[in-house]
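You asked for comments on this structure before the discussion. Here is a short note, set out point by point.

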Amino acid sequence: MSVPSFRFAPSTQPPGRRDAARLRLNLPARIVLITGHFPCQLIDMSQTGACICVPGIPPAIGASVVLEVNGIEAFGTVVWRRASQFGVKFDERVPMPDVVALRTVHDYYDTIEKDRRLDQAREFVQGRRAVL
């Protein structure tokens, strides 16, 4: 009786490499957990994952999270954590145009934030907004 030999398909990805290139962003974002939500800083992001920095203790490895940034919601799982940073692997790829749009937001963040605050102040002065 002969034992069939198995051949594994060669991996297209070298070991230890990411599936997609990451963009350095450093944008404010929000993490949503089962226990609640809190602000965070999006350090970098690709279509398949992100590096996130939080002011406190990061979520446990294996925790399910939702990353919310600039209208994008990405569901994922915490795969590593170090000090105040952690990595998330997304359940589904984020469309490339969304990732590129975040880079545009990063490049013009100061201008966008200044305009947003100016609009808030204008609304407050005109009585359309009660709290800044």
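The points below go from the overall fold to single residues.

1. Status of the model. The coordinates are a predicted model. Each angle, distance and accessibility quoted here is therefore a value for a prediction.

2. Overall fold. Six strands form a closed barrel in the order β1-β2-β3-β6-β5-β4, and the pairing is antiparallel. From one strand to the next, the twist averages 45°. Helix α1 packs on this sheet, where it touches β1, β2, β4 and β5. The direction of α1 makes about 110° with that of β1.

3. Pairing of β1 with β4. Strand β1 covers residues 23–33, and β4 covers 64–69. Three bridges join the two strands, which run antiparallel. Within this pair, I31 stands opposite L67 of β4.

4. Strand β3 and its two neighbours. Strand β3 spans residues 49–53, and four of its five residues are buried. On one side, β3 is joined by four bridges to β2 (residues 36–45), with the two strands antiparallel. A hairpin of three residues links β2 to β3. A50 of β3 is the bridge partner of M45. Five bridges also join β3 to β6 (residues 85–90), again antiparallel. There, A50 stands opposite V88 of β6, so A50 can be used to follow the pairing from M45 to V88. In the β3–β6 pair, G49 has K89 as its bridge partner in β6.

5. Strands β5 and β6. Strand β5 (residues 72–82) pairs with β6 through six bridges in the antiparallel sense. G76 stands opposite F90 of β6. The hairpin of β5 and β6 has two residues between the strands, and A83 in this hairpin takes a positive phi near 50°.

6. Other positive phi values. Which residue has a positive phi of about 55° although it is not a glycine? It is N26, which is found in strand β1. N26 is partly exposed, with a relative accessible area of 47%. N70 is another residue other than glycine with a positive phi, near 50°. N70 is found in the loop between β4 and β5. I would look at the backbone of N26 and N70 on the display.

7. Helix α1. The helix runs over residues 96–107, which makes 12 residues. Its first and last C-alpha atoms are 17 Å apart, close to the 16 Å expected at 1.5 Å a residue. V99, L102 and V105 of α1 are buried. These three are on the same side of α1 because they cover an arc of only 110° around the axis. As a general matter, an α-helix has 3.6 residues a turn, so residues three or four places apart point the same way.

8. Cysteines. How many disulfides does a search of the whole structure find? The search finds zero. A pair of cysteine sulfur atoms would have to be within 2.5 Å to count. For C40, the closest cysteine sulfur is in C53 at 8.7 Å, which is too far for a bond. For C51, the closest is also in C53, at 7.6 Å, again too far for a bond. Both C40, at 6% relative accessibility, and C51, with a relative accessible area of 7%, are buried.

9. R22 ahead of the barrel strands. R22 is found in the segment before β1. Is R22 buried, partly exposed or exposed? With a relative accessible area of 24%, R22 is partly exposed. R22 and D44 are 22 residues apart along the chain, yet their C-alpha atoms are separated by 6.1 Å. Leaving aside residues up to four places away in sequence, R22 touches D44, M45, S46, G49, A50, C51 and V88. Among these contacts of R22 are A50 and V88, which stand opposite each other in the β3–β6 pair. Another contact is C51, one of the buried cysteines in point 8.

Terms used: Residues numbered from 1 in each chain as written. Predicted model: local features only at pLDDT ≥ 70, side-chain atom pairs only at ≥ 80, totals over all residues. Heavy atoms only, no water. Buried < 20%, exposed > 50% of the residue type's maximum accessible area, 1.4 Å probe, protein only. Pairing = 2+ DSSP bridges. Expected span 1.5 Å × (residues − 1). Arc of directions from axis to C-beta. Axes fitted to C-alpha atoms, helices over the stretch in contact; angles between N-to-C directions. Contact = heavy atoms within 4.5 Å.
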